[in-house]
Structures are given as structure tokens and as C-alpha cells.
Amino acid sequence: MSRWLRLAALISPLVAVAASFLVGALVVATIGESPARVYAILFRGAFGSVDGLGLVLFNATPLIFTGLAVAFAFRAGLFNIGGEGQLYAGSLLCAWAGIALAGLPAVVLVPALIAVAAAGGALWALLPGYLKARFGVHEVINTIMMNFIAIGLSSYLVIHVLREPGQMTPQTAEIAAAGCLPRLARAAQLCGIPLPHANPLNLSLVVALAAVWVAWFILHRTTLGYEIRAVGHNARAAECAGINVRRTVVVTMMISGAFAGLVAVNEVMGFRHRFLDNFSSGLGFMGIAVALLGRNTPLGVLLAALLFGVLNTGALEVDVFTRVPRELIQVIQSVTIILVVVGNEVLSRRLRAAHAAVAGAAGEGR
């Protein structure tokens, strides 16, 4: 790849974000509001206070997990759209374990629940991965259907089997106190940062950052990561090189599902301390947008999730203080993704053309 194409690949997401904000400004002006005022309110909501910054990080945490899930699978050429179902499976299993294992000390229960959440997501991704590897069934169809099954099954279990006694709300009982992750407000205040006690930011942010490092380490510092990237570039060539493509596909899908299942660390262990029916507002699907904007790299996912956290936090202020509905943020997010996808396609075509030109020049020189 030439130097200019590398530079274009790096800055194309930034250009897409800037262009989407321009489109958003046109929409705001059409409504009759001042784009400058609306954007000032949006960024004030996210950056104008320590509480706002805490909400940005809180909103970004589950998107880091679901973005990693999509990005990790994509590196093997797989399109995992099942993050929504995998996060439900991980969260329900985590909540059940948090209730069933009450009595264990925190030093044992916390890592156990994190492992259970990851295992729930991994197991839910196992079947689509196996069907893809064994029969070549497209993972998009399988993972979409698994979403419906997970959401419906979890609703049934919460309403009819695991429902908290005496409660009309379809939710489980609270998990053991030893399994709850502490909020970061107290630690922040000890450091002189005035983060309010009511702010929901909790220790799951640290787990999310650790997950980013784990994804990077697996992809770039292990044999498995090399095999995943080789399969993603060219599965047939990888097989000829001796890589077990079927096993790699199954393992990749399970690791991808494990990242999605870790959403439970924030939602169950850090925030609600229980499983609430239909708690997700499309976190699994938003992970697709986060991964695309982050160019399917762990660091890119982290930065994209933070951007979405800013937009989601500022949208509340925009909705309250202007005539612009919070749906404007969805417009900006959608336009951003469209532009990123278009930019990627343009760059890919340029890259293929550059490679063809180099190959042609090499052929003429013989």
C-alpha cells in the first residue's frame, strides 16, 4: 500500500465523522435551530462537567465489548451480527450464577461471574460458528436467528422461571453483593475528582480496557491471531499453508461471542445488579457501527465507542434544551457509517488498482 493510501485509510474515518456532522447541521438548520447552538449543547452535555464525562465512559463501556465482538470476527472474514443474542445469553447466565453462587467471597465470585458471562456469549456463538465451519452456512443468517431465540428465551425464563418473587417488573432478584462491581465515584473523589455518587460509571470500564488489550494481544502476538488474520485474508491460501480453517472459524466465533457476553459485566455486575428483561437498546447492533468506524482494530473500536458515548450522552441535553429530537444523533451515527463504508470501498478499489499496476509493471520488466 502506498504512503498516500495508508494516510487516506487513517484519516477516512475522521473525514466521515466531520461530513456526518455537516449533514447533521443541515438537518438542524432545516428544523429552524442554530447548528452552532445545538452542537455546543451536545458537547457541553458530554464534556461540560465531570458527571458528563463519567456518563460518556459509562455509555461507551458496553459498546467497547460489542464493537470488539464484531471486529474480532471480521478479522477472520466472519460477520457476527449476533452480538445482541450473545450479550443476552451472557447476561442471563451471569445473573443466574450471581444468585446461585451467593456465599462465595468477592475475590472468587467476581472473576467467576466474569468468566460465566464470557462463557455464555461464547456458547451462544458456538452453533453459528460450527454451522459455518462444517456446512458453510452463512453466519449472518444464523446469528440473526440466534438473536431472536436468545431474546425470546431470556424473556420466557425471566417472566416464568427466574422472576423475582413479588415483583411485577420482569427481572431477576439481585445478584450477591460480593459479585457487584463498585462504582468509581468514591475512588475518583479520593483522587480529588468530583464525580457524583449517582454517576453509574463502574469498574467494568477497567474490564473493557483489558478486553481491548486482550483482543490486540490475541490478534498480533499469538499463533491463533496469525491464523485468524490469515483466514480473513484468504481462507483457501490459509488452508494450503496448513491452517485448520474450520477450527479457526469456530474458535474465532466463540471468542467474538465471549466479548459480547462481557456486556454483562457492566449491565449486571456494575449497573443493575440483576437481569432486566429487554434491557439492551440495540447494543449488539451498535457494535457493528462501532467496529466499522474503528476499522475493525481494537484501538479503533475503543476510540469509536468513546465517540458514540459522547454522542449518546450529549443527545440527552439536546433533547431537553432544543427543539431538535435526540434522533438527530442516530442520523449522525448512520451517516457516519455510510460514509465510512463508502470510503472503505473507494480505498479498496484504489488499492486493487495499485496492486494491479505494480504487477503489470513487474510483468513487463521480465
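## A pocket and three helix pairs

Let's start with a hollow: the second largest pocket has a volume of about 760 Å³. A pocket here is an open set of points on a 1 Å grid over the protein atoms alone, where a 1.4 Å probe fits, with protein on both sides within 12 Å along at least five of seven lines; lining residues have an atom within 4 Å of a point. The volume is the space filled by probe spheres set on the points, which are joined across faces, edges and corners. Of the 26 lining residues, Asn-59, Ser-281, Leu-283, Met-286 and Asn-312 are the closest to the centre of this pocket.

This is a predicted model, where local features need pLDDT of at least 70 and side-chain atom pairs count only at pLDDT 80 or more, while totals for chains, interfaces and linings use all residues. Residues are numbered from 1 along each chain as its sequence is written, and side-chain values use heavy atoms, leaving out hydrogens and water.

Which helix gives the most to the lining of the second largest pocket? That's helix 15, with 6 residues. Helices (DSSP runs of H or I, at least four residues) are numbered from the N terminus. The lining splits into 14 nonpolar, 8 polar and 4 charged residues. Nonpolar means Ala, Val, Leu, Ile, Met, Phe, Trp, Tyr, Cys and Pro; charged means Asp, Glu, Lys and Arg; the others, Gly among them, are polar.

Now for the helix pairs, with axes fitted to C-alpha atoms over the stretch in contact and angles from 0 to 180 degrees between N-to-C directions.

| Pair | Angle | Axis distance |
|---|---|---|
| Helix 3 (50-74) and helix 8 (204-221) | roughly 20° | within 9 Å |
| Helix 4 (83-100) and helix 11 (245-261) | about 65° | 7 Å |
| Helix 8 and helix 9 (223-233) | about 75° | 5 Å |

Helix 3 and helix 8 cross at roughly 20°, so helix 3 is roughly parallel to helix 8 (angles under 35 degrees count as that). Their contact (heavy atoms within 4.5 Å) includes Leu-57 and Phe-72 of helix 3 and Val-207 and Leu-219 of helix 8. By class, this contact has 13 nonpolar, 2 polar and no charged residues.

Helix 4 meets helix 11 through Gly-83, Gln-86, Leu-87, Gly-90 and Ser-91 on one side and Ser-256, Gly-257, Ala-260 and Gly-261 on the other. This contact has 2 nonpolar, 7 polar and no charged residues.

Helix 8 and helix 9 pack at about 75°, which means helix 8 is roughly perpendicular to helix 9 (65 to 115 degrees). Among the residues that meet are His-220 in helix 8 and Arg-229 in helix 9.

Notes:
Helices (H or I, at least four residues) and strands (E, at least two) are DSSP runs, numbered from the N terminus. Angles under 35 degrees count as roughly parallel, over 145 as roughly antiparallel, 65 to 115 as roughly perpendicular and the rest as oblique.
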